[in-house]
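The paragraphs below walk through the pockets of a predicted model and then turn to a single side chain. Please keep the structure in view while reading.

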Amino acid sequence: MENGKRWLLLAAGTAVYALGIDLGCHAGFGGTTLSTLWNGLCLHIPVTFGEASAIVAAVMIAVSLLLDRKQIRWGTLFYQIFYSFCLDLFLPLLRYSGAAAVDLFLML
């Protein structure tokens with residue numbers, strides 16, 4: 001696959017994944033383990049959801065660099081930066097009703 005197409009596919013998949021995390025977590029139906037950690041960080045330090053994601057990722061990437069530098073490539077860095085950006089981009093666009101059945105329908 002052409003290199004440009006691979007980056008475009010990575011960006012599209014990252015955006016869809018970030019939207020899914022925002023939908024699930026902020027609709028009140030729970031989230032992934034990491035998104036729960038990000039939510040906790042947002043409650044205790046003045047950062048956005050995407051910034052909390054970037055902080056946790058930076059720590060994990062730093063540990064990975066210490067253990068095995070070969071595991072970290074440009075795609076890893078692009079993914080995390082774009083992912084954190086998308087988390088904050090989509091969040092203000094989401095509106096929920098507060099009624100679980102309606103919010104579940106909106107998520108689907």
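**A buried serine and two pockets**

Apart from neighbours within four places in sequence, S53 is in contact with W38, Q80, Y83, S84 and L87. S53 itself belongs to helix α3, and its relative accessibility of 1% lies under the 20% limit, which is why S53 counts as buried.

From this residue one can move to the largest pocket of the predicted model, whose volume is about 220 Å³. Of the 17 residues that line this pocket, those closest to its centre are L34, W38, M60, Y79 and Q80; W38 and Q80 have already appeared here among the contacts of S53. Four helices, α1 (3-26), α2 (33-44), α3 (49-67) and α4 (74-90), each give two or more residues to the lining of the largest pocket, and it is α3, the helix in which S53 is found, that gives the most, with six residues. In chemical character, the lining of the largest pocket divides into 11 nonpolar and six polar residues, with no charged residue.

The second largest pocket holds about 170 Å³ of space, and its lining consists of N3, R6, W7, L10, R73 and G75. Here α1 gives the most to the lining, with four residues. The residues around this second largest pocket divide into two nonpolar, two polar and two charged, whereas the lining of the largest pocket has no charged residues.

Note on methods. Residues are numbered from 1 along each chain as its sequence is written. This is a predicted model: local features need pLDDT of at least 70, side-chain atom pairs count only at pLDDT 80 or more; totals for chains, interfaces and linings use all residues. Side-chain values use heavy atoms; hydrogens and water are left out. On a 1 Å grid over the protein atoms alone, a cavity is a set of points where a 1.4 Å probe fits but cannot get out, and a pocket is an open set with protein on both sides within 12 Å along at least five of seven lines; lining residues have an atom within 4 Å of a point. Grid points are joined across faces, edges and corners, and a volume is the space filled by probe spheres set on the points. Ala, Val, Leu, Ile, Met, Phe, Trp, Tyr, Cys and Pro count as nonpolar, Asp, Glu, Lys and Arg as charged, and the others, Gly among them, as polar. Buried means under 20% relative accessible area, exposed over 50%, partly exposed in between (1.4 Å probe, protein chains only). Contact means heavy atoms within 4.5 Å.
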